[in-house]
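Hi,

Here is the structure I promised to pass on to you. Have a look at it first, and then read on for what turned up in it.

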Amino acid sequence: MLGRYRGSLLGLTWSFLTPLLMLAVYSFVFVGVFRASWPGTPKGSGLEFALQVFAGLLVFNLFAEVTNRAPNLVVEQPNLVKKVIFPVELLAWVTVLSGVFHLLISAATLLVVLLIARGGLPVTALALPLVLLPFLPVLLGLGWFLSALGVFVRDVSPVMNMLVSLIMFLSPVFYSASSLDPEIRVWMNLNPLTLIIEQVRAVLLMGQWPAWDALALYGVVASAFAVVGGTFFQ
């Protein structure tokens with residue numbers, strides 16, 4: 001988790017500076033350039049647009065970190081595989097928990113900005129861990145599947161880098177899924193990021209409690225996917 005900052009001058013401080021810089025850039029672009037507005041908010045409320053995008057990126061960046069790193073997890077650790085008795089399946093856990101750590105820092109940044117901009121925080125923000133919990137089995141399953149496949153097919157890494165870029169625009173990161181036509185929304189709901197992104201926005205920005213039934217069903221399917229990924233890895 002801390003290895004990426006080893007040798008840098010600011011160290012872990014980068015984890016705090018990066019989301020702050022991102023939020024500043026989004027605010028400038030959407031407020032000062034595009035003067036965009038989010039559905040259901042006053043026209044020209046670019047700051048609100050930036051906050052909605054930032055909330056979507058919380059989930060997407062976690063997904064991107066895991067999927068981009070997963071294909072090389074085993075390949076980049078030959079000593080752990082060949083010379084040390086080490087449960088290699090734990091590498092996926094380390095990657096997921098590292099991504100969650102950075103997500104929590106970004107979420108804390110978002111909450112501070114909300115506190116300043118709105119003068120308070122919704123009590124529903126307490127449900128954020130419960131919204132993210134069903135997403136973790138999906139990430140673990142992907143980590144196990146891609147790390148095993150990456151040992152035998154070295155093209156997995158560049159392919160995933162390309163797919164992750166496409167998935168960013170095929171997920172409701174820069175727009176709301178509710179603004180899409182019903183026919184498109186049906187397909188959008190098949191994206192495993194859609195529900196989590198929408199629920200994160202609901203609890204952090206809209207003051208709404210999560211859709212517990214949808215999250216419960218999501219968790220069951222995600223757990224089954226994790227079992228399949230773990231079996232494939234073994």
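Before the details, one convention: helices here are DSSP runs of H or I with at least four residues, numbered from the N terminus. Please also keep in mind that this is a predicted model.

I started with the charged side chains. Side chains of opposite charge can pair when their charged atoms come close. Searching the whole structure gave 3 salt bridges, and I'll take them one by one.

Helix H2 holds one of them: Glu-65 and Arg-69 both belong to this helix, 4 residues apart, or about one turn. Their side chains meet with an N to O distance of 3.5 Å. Glu-65 counts as buried because its relative accessibility is 14%, under the 20% cut-off. Arg-69, in contrast, is partly exposed at 35%.

Helix H2 (residues 46–69) also takes part in another salt bridge, since Glu-48 lies in it while the partner, Arg-118, lies in helix H4 (residues 90–118). The closest N and O atoms of Arg-118 and Glu-48 are 2.8 Å apart. This pair therefore ties together parts that are 70 residues apart in sequence. Glu-48 is buried, with 16% relative accessibility, whereas Arg-118 comes out as partly exposed at 38%.

The remaining pair is Arg-201 with Glu-198, whose closest N and O atoms are 3.3 Å apart. Both sit in helix H9 (residues 192–205), 3 residues apart, so about one helical turn separates them. Arg-201 is buried, with a relative accessible area of 1%.

Now for a residue without a charge pair to discuss: what does the side chain of Ser-147 reach? Ser-147 is part of helix H6 (residues 135–152), and at 1% relative accessibility it counts as buried. Its side chain reaches the backbone oxygen of Gly-143 at 2.7 Å. A polar atom of that Ser-147 side chain also lies 3.1 Å from the backbone oxygen of Trp-144.

Which residues does Ser-147 touch once its neighbours within four places in sequence are left aside? Those contacts are Ala-70, Pro-71, Leu-73, Val-74, Leu-142 and Phe-233.

If you open the model, I'd suggest looking at Arg-118 and Glu-48 to see how the pair ties helix H4 to helix H2, and then at Ser-147 with its contacts, including Phe-233.

Best wishes

Definitions and conventions
Residues are numbered from 1 along each chain as its sequence is written. This is a predicted model: local features need pLDDT of at least 70, side-chain atom pairs count only at pLDDT 80 or more; totals for chains, interfaces and linings use all residues. Side-chain values use heavy atoms; hydrogens and water are left out. A salt bridge is a side-chain nitrogen of Lys or Arg within 4 Å of a carboxyl oxygen of Asp or Glu. Helices (H or I, at least four residues) and strands (E, at least two) are DSSP runs, numbered from the N terminus. Buried means under 20% relative accessible area, exposed over 50%, partly exposed in between (1.4 Å probe, protein chains only). A polar contact is a pair of N or O atoms within 3.5 Å; within protein, one must be able to donate a hydrogen and the other to accept it, and residues adjacent in sequence count only if both atoms are side-chain atoms. Contact means heavy atoms within 4.5 Å.
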